[in-house]
Amino acid sequence: MSAHERKTPSGARGEPAVWLMGASLVVCLALIVGMLALILWQGGRTFWPRPVDRIELASGEVLLAQPMGVEAAETPEGGATTRVRLRVSNRIFGQDSQRDVFETQIVSRERPEWAALVERVAQGAFLGRVEALTELDESGEVVRTVEGDELLAELDAAISDGSDRRSRIERIGREDLGRVARRLESIGFAREEINRRAAIDPASETSLPMWAFAAVVVGGLTAGFGVVRIGTPTLRWLLVAVVVLCGSAAWLEHPWSGRAISAETAEQRLAALDERQTSLESERAELGERLAELRAEDDRYRLVVREVGEQDRLSPRGATEPDEPMRVSQATRVTRLNTLGFGGKLGLYFERWGAFLSGTPLASGEGGVFPVIVGTVTLTLLLVVGVVPLGVVTALYMREYAKQGVLTSAVRIAINNLAGVPSIVYGMFGLGFFCYLLGGYIDGGSGAAALPRGSWWGLLSVFAAMLFLAGACAAWASKPGAKQIAGKLAGVLALGAVVALIAAVWTTPYFGGFFSEKLPERSTFGSKGILWAALTLALLTLPVVIVATEEAIAAVPGSMREGSYGCGASRWQTIRRIVLPAAMPGVITGAILAMARGAGEVAPLILVGAVNLAPESPVSLEAPFLHGDRTFMHLGYHVFNLGFQAPDVDATLPLVWTTTLLLILIVVTMNVFAVWLRGKLRQKLTSSAV
């Protein structure tokens, strides 16, 4: 280096900025990895079996508890000690599920082999001593008692039999009787509809005379034939659309369009409904008798489990029956944890995971999460199905068709700003627009907004005229030497036609709703449901898909478009066969981002469909298989419910970590599949280009 040369300072070379950005990246990665590691550790150890200790305190109190952790603490006297957190369970007695005890208060601690953890269907686990299996007769007297070594040999089989009885009782009470109740309810609604139609006076149903209906059809066909012979393709399609629309509207007014039915027809239909109702009521009575028999049989088998301590209380059949031993079917598993080796603990760990993934939630916040998983996956898939087509169409129009100018830039700015709107605002919009407005229209039709028939026909005529004029202006604008005002006028008229069509649909006097017979007692689509929740999340994630798709379309080389045009392809053929396949990996990237954000949203779901306990699954084997009007359960909302709304938050806190881990795994699994699909598409495009 010569004397005249000077070394460039590191600040001018940008090295501090590079190191700062690298350090920021390391910090972000460390936070993410740390969060995932914490969730994995806390959620993964929830179901690991913990030993059961018999602890005697200095006060003379005896506890049977599971140690949950130890932390440094200070005694009331000011000395240093450790504090032990114990899970004491037995929540049916009103005590807390966890308790903190100073190490200095513990006089003795042992791990007896007889200490058992009884996992129950409700009220959580019970720690105590399993004393006997008993069988009662019809009068409630004990006719058989199993104790000692014989109890250990028969306990697992008895628990399995109790689980089978509980499953049969739940299936009859929830599925079979629920199915019969829904069918009886539909019969009641059908009877009301028949009575309403029978009470309509046919003379009050004015309709278009037959000659007017024939004139509309013949005139439309004549005009259509003339345009087909002499008009442009655009005018032909527009006139065909107008003729079809006017013909359909005229058909609504033809003489036999009334909803009135004769008394004889009503009597025949009511008789058929009565016969069907009698059959269903007979089936319901049979199911009720079978359910009563199963419950009586289930009540005969009891499991005697007693708490260790001064009160020496039983695990009762119910909170109001403290002296009645629990039914065997109330226990899902009885385990002597202190006798298990590592292999036994590992088997119990995976068995608990299986029960958690396949079970149903309970009102206490415990239980399984299978319906929650079904609701989460179904909502996410509906979200993708709703947002991807809308986002792709919007991005295609803005990039390929719209003239790039001030208006298009303003639309892009608005789309980017929508990405920053709080999610709760989308939830309020979904509740007001989808649930109350659109859902109410589907349920009950136009209602008070319905126009008189004459006014509605006038509105429909305005729509037809504007649509026809828009087509004429568009045909004029396509001719060589046409003025630009023709194209702008065609756009304005088309927009006015769309507004007129929406107004005609909303105010039509010919639509009374698909479920008007259920109103006002119950709404179908006019309330919360998984369909409206999916559409709300689709609007929430729409900006992400639009931006990602538009960038992918812009990245397609212009030479590919020019080559397609050079081969004689039209713009739509070029978009469909060249642009969209090349941009598909970017479209899938947008879908991945939408899935990742939508699957974790909770605030909008609280307003538009998510509940603590859904009575019915949105997906079932009953037609139509996907029930968009039903409420659902969601893993994100379940985490919120477990952490803040459960009756005993301390007991359900470990499940918060486990459910969070499960939500992350489901989202990652769906994203990995989407990434794999994107890689396959890229590989296919690369091989086809070569």
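## A walk through the predicted model

With a relative accessibility of 27%, V377 counts as partly exposed; here buried means under 20% relative accessible area, exposed means over 50%, and partly exposed is in between, using a 1.4 Å probe and protein chains only. Please keep in mind that this is a predicted model, in which local features need pLDDT of at least 70 and side-chain atom pairs count only at pLDDT 80 or more, while totals for chains, interfaces and linings use all residues. Residues are numbered from 1 along each chain as its sequence is written, and side-chain values use heavy atoms, with hydrogens and water left out.

V377 belongs to helix α8; helices (H or I, at least four residues) and strands (E, at least two) are DSSP runs, numbered from the N terminus. Its C-alpha is 9.9 Å from that of L663, although 286 residues separate V377 and L663 in sequence. Another long-range pair is S160 and R333, 173 residues apart in sequence, with 8.8 Å from C-alpha to C-alpha. S160 is part of helix α3, residues 148–198.

Here is how some other residues compare with the solvent cut-offs.

| Residue | Relative accessibility | Class |
|---|---|---|
| S160 | 39% | partly exposed |
| C28 | 43% | partly exposed |
| R630 | 12% | buried |
| C435 | 0% | buried |

Two of these rows are cysteines, C28 and C435. The disulfide count comes to 0, where a disulfide is a pair of cysteine sulfur atoms within 2.5 Å.

**The nonpolar cores.** A nonpolar core is a set of buried Ala, Val, Leu, Ile, Met, Phe, Trp, Tyr and Cys residues joined through side-chain atoms within 4.5 Å. The largest one holds 65 residues, and F356, L379, V387, V388, L605, F632 and L662 have the most contacts inside it. Among the elements giving it two or more residues are α7 (342–358), α8 (370–401), α15 (571–600) and α18 (649–689). Helix α13 supplies the largest share, 12 residues. A separate core of 16 residues includes A116, L151, I159 and L303.

F632 is a handy place to look in the viewer. Beyond its neighbours within four places in sequence, F632 is in contact (heavy atoms within 4.5 Å) with residues including L379, I530, A533, L605 and V611.

**Around R630.** This arginine sits in the loop between α16 and α17. Not counting residues up to four places away in sequence, R630 touches G529, I530, E616, S617, P618, S620 and E622. A polar atom of the R630 side chain lies 2.7 Å from the backbone oxygen of S617.

**The strands.** Five strands, ordered β4-β3-β2-β1-β5, make an open sheet with antiparallel pairing; two strands pair if DSSP finds at least two bridges between them. At its edges are β4 (98–102) and β5 (106–110), each pairing on one side only. Within this sheet, β2 (62–74) and β3 (80–87) are joined in the antiparallel sense over 8 bridges. One bridge links A73 to T81 of β3.

Elsewhere, β7 (125–136) and β8 (142–146) pair in the antiparallel sense over 4 bridges. T134 has T145 of β8 as its bridge partner. These two strands form a hairpin with 5 residues between them, and G140 in the turn has a positive phi of about 95 degrees.

Notes: A polar contact is a pair of N or O atoms within 3.5 Å; within protein, one must be able to donate a hydrogen and the other to accept it, and residues adjacent in sequence count only if both atoms are side-chain atoms.
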